[in-house]
Amino acid sequence: MITLSVDPDLPSADARRSLASWLRAEERLRKGVTTTSPEGMSADRTDVLQVAAGDAGTAMVLVQAIAGWLTHRRDDVTVTLSRPDGWSAELDVHRARDMDQVTALIEAAVRAVTPSGK
């Protein structure tokens with residue numbers, strides 16, 4: 001399970017809804033996208049997205065979808081991906097505008113989010 005949070009916080013609720021909708025448009029992600037309020041999260045932070053990405057193919061679709069969503073944003077937004085084991089990475093709209101950097105981010109993120117041995 002990969003958790004996605006969107007910063008800055010305001011208007012992150014709208015950004016999260018937009019990202020969730022964008023991800024659900026991807027057939028391989030559609031059923032695995034959920035919204036949740038994580039334990040220990042302060043009241044001023046609402047929910048985060050969780051995406052089931054159990055293999056390299058699904059992880060690739062996830063990261064490519066996030067990069068595509070970021071390139072269509074007009075405001076400065078950062079999406080943070082994290083796993084329960086403490087790993088995290090950030091994708092931001094500034095980097096998403098350079099396709100070479102997007103490719104490098106996708107490759108690094110897919111390697112990082114893919115469970116070992118799959």
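**Core and sheet of the predicted chain**

The largest nonpolar core comprises 24 residues, and those with the most contacts inside it are Leu4, Leu19, Leu23, Leu62, Ile66, Val79 and Leu81. Strand S1, helix H1 (12-24), strand S3, helix H2 and strand S4 each supply at least two residues of this core, and the largest share, seven residues, comes from H2. The description that follows concerns a predicted model, and confidence in the model is therefore considered at the end of the passage, where low values call for caution in reading the predicted coordinates.

As to overall architecture, the chain has four helices and five strands, and its elements run, from the N terminus on, in the order β-α-β-β-α-β-β-α-α. Of the 118 residues of the chain, 40% count as buried. Among contacts between residues at least 6 apart in sequence, 59% join residues that lie at least 24 apart.

The five strands form an open sheet with the order S2-S3-S1-S4-S5, in which the pairing is antiparallel. Strand S2 (33-36) and strand S5 (88-92) are the edge strands, each of them pairing on one side only, and the twist from one strand to the next averages 25 degrees. Within this sheet, strand S1 (residues 2-7) and strand S3 (residues 48-51) run antiparallel and are joined by three bridges; Ile2 stands opposite Val51 in S3.

Helix H2 (residues 56-71) lies across S1, S3, strand S4 (78-82) and S5, and runs at about 165 degrees to S4. This helix has 16 residues and reaches 22 Å from its first C-alpha to its last, which is close to the 22 Å expected at 1.5 Å a residue. The buried residues of H2 are Thr58, Ala59, Val61, Leu62, Val63, Ala65, Ile66, Ala67, Gly68, Trp69 and Leu70. Ile66, one of these buried residues, is in contact with Leu4, Leu19, Leu23, Val79, Leu81 and Leu91, when its neighbours within four places in sequence are left aside.

Two residues of strand S4 can be examined in turn. Leu81 is placed in S4 and counts as buried because its relative accessibility is 0%, whereas the limit for a buried residue is under 20%. Leu81 is also listed among the core residues with the most contacts, and its C-alpha atom is separated by 4.8 Å from that of Leu4, although the two residues are 77 residues apart along the chain. Thr80, likewise placed in strand S4, has a relative accessible area of 15% and is therefore buried under the cut-off of 20%. Leaving out residues up to four places away in sequence, Thr80 touches Thr3, Leu4, Ser5, Asp7, Ser88, Ala89 and Glu90.

Confidence varies along the model. The chain averages a pLDDT of 75, and 69% of the residues score at least 70. Confidence is highest in S3, at 86, and lowest in helix H3 (residues 93-96), at a mean of 61. Where pLDDT is low, the predicted coordinates should not be read in detail.

Note on methods
Residues are numbered from 1 along each chain as its sequence is written. This is a predicted model: local features need pLDDT of at least 70, side-chain atom pairs count only at pLDDT 80 or more; totals for chains, interfaces and linings use all residues. Side-chain values use heavy atoms; hydrogens and water are left out. Two strands pair if DSSP finds at least two bridges between them. Axes are lines fitted to C-alpha atoms, for helices over the stretch in contact, and angles run from 0 to 180 degrees between N-to-C directions. Contact means heavy atoms within 4.5 Å. pLDDT is the predictor's confidence in each residue, from 0 to 100. Buried means under 20% relative accessible area, exposed over 50%, partly exposed in between (1.4 Å probe, protein chains only). A nonpolar core is a set of buried Ala, Val, Leu, Ile, Met, Phe, Trp, Tyr and Cys residues joined through side-chain atoms within 4.5 Å. The expected span of a helix is 1.5 Å times one less than its number of residues.
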